[in-house]
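Dear colleague,

I am handing over the structure we spoke about, and below it you will find my notes on what was found. Please read them with the coordinates open beside you.

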Amino acid sequence: MKKNLWAVGTLVLGMLVALPASAAKADRRQVSQQARIVQGVKSGELTGREAVRLQYQHRELQRDIRQARADDGRLDVRERAGIQREQNQLNRRIHRQKHDAQSR
């Protein structure tokens, strides 16, 4: 009985520690995507128009993250899933725009 209680306590503690880490993951991913856009402009893989469009989408996603945190100070599971979905879409857009072979 004590082992089960100990295991449940450890599991709950691990979940509490993991929640802030997953929210920080969204922030790290935003920084990474921003760096990819800047690098694409510098290397000539992105045109000015593409970069402006991607920057706008990036700012919209940052706004979504801020609004989700403003509600209760943290990201719940549903909010995190939605943000991750939007980040995945932005990631694909960045990749497509960087590799579309348009003349710069």
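I begin with the pair of helices that I would look at before anything else: helix α2 (residues 48-72) packs against helix α3 (residues 77-98) at an angle of about 170°, and their axes lie 11 Å apart. Since an angle over 145 degrees counts as roughly antiparallel, α2 and α3 are therefore roughly antiparallel to each other. On the α2 side the contact is made by E50, R53, L54, Q57, H58, L61, D64, I65, A68 and D71, while α3 contributes E79, I83, E86, Q87, L90, R93, I94 and Q97. Sorted by character, the residues of this contact between α2 and α3 comprise seven nonpolar, four polar and seven charged.

Please keep in mind that the model is a predicted one, and that the confidence is not even along the chain. The mean pLDDT of the protein is 81, with 76% of its residues reaching 70 or more. Among the elements, α3 has the highest mean pLDDT, at 94, whereas helix α1 (residues 2-43) has the lowest, at 68. Over residues 7-19 the pLDDT is below 50, and this stretch has one contact in the model beyond near neighbours in sequence. Where pLDDT is low, the predicted coordinates should not be read in detail.

As for the overall make-up, the protein has three helices and zero strands, and reading along the sequence gives the pattern α-α-α. Of its 104 residues, 23% count as buried. If one takes the contacts in the protein with a separation of 6 or more, 70% of them are accounted for by residues 24 or more positions apart.

A few individual residues may help you to find your way around the model. One of the α3 residues in the contact with α2 is E86, which touches L61 and D64 when residues up to four places away in sequence are not counted. With a relative accessibility of 28%, E86 counts as partly exposed, because that value lies between the limits of 20% and 50%. E86 and E60 are 26 residues apart in sequence, yet 9.9 Å apart in space from C-alpha to C-alpha.

K98 is also found in helix α3, and with a relative accessibility of 11% this residue counts as buried, because the value is under 20%. The side chain of K98 is joined to that of Q39 by a polar contact of 2.6 Å. H99 has its place in the segment after α3, and the side chain of H99 reaches the backbone oxygen of H95 at 2.8 Å. H99 and G40 are 59 residues apart in sequence, while their C-alpha atoms are 9.8 Å apart in space.

Lastly, V31 is found in helix α1, and a relative accessible area of 58% makes V31 exposed, because the value is over 50%. V31 and H58 are separated by 27 residues in sequence and by 9.9 Å in space, again taken from C-alpha to C-alpha. H58 is itself one of the α2 residues in the contact with α3.

With best regards

Terms used:
Residues are numbered from 1 along each chain as its sequence is written. This is a predicted model: local features need pLDDT of at least 70, side-chain atom pairs count only at pLDDT 80 or more; totals for chains, interfaces and linings use all residues. Side-chain values use heavy atoms; hydrogens and water are left out. Axes are lines fitted to C-alpha atoms, for helices over the stretch in contact, and angles run from 0 to 180 degrees between N-to-C directions. Helices (H or I, at least four residues) and strands (E, at least two) are DSSP runs, numbered from the N terminus. Angles under 35 degrees count as roughly parallel, over 145 as roughly antiparallel, 65 to 115 as roughly perpendicular and the rest as oblique. Contact means heavy atoms within 4.5 Å. Ala, Val, Leu, Ile, Met, Phe, Trp, Tyr, Cys and Pro count as nonpolar, Asp, Glu, Lys and Arg as charged, and the others, Gly among them, as polar. pLDDT is the predictor's confidence in each residue, from 0 to 100. Buried means under 20% relative accessible area, exposed over 50%, partly exposed in between (1.4 Å probe, protein chains only). A polar contact is a pair of N or O atoms within 3.5 Å; within protein, one must be able to donate a hydrogen and the other to accept it, and residues adjacent in sequence count only if both atoms are side-chain atoms.
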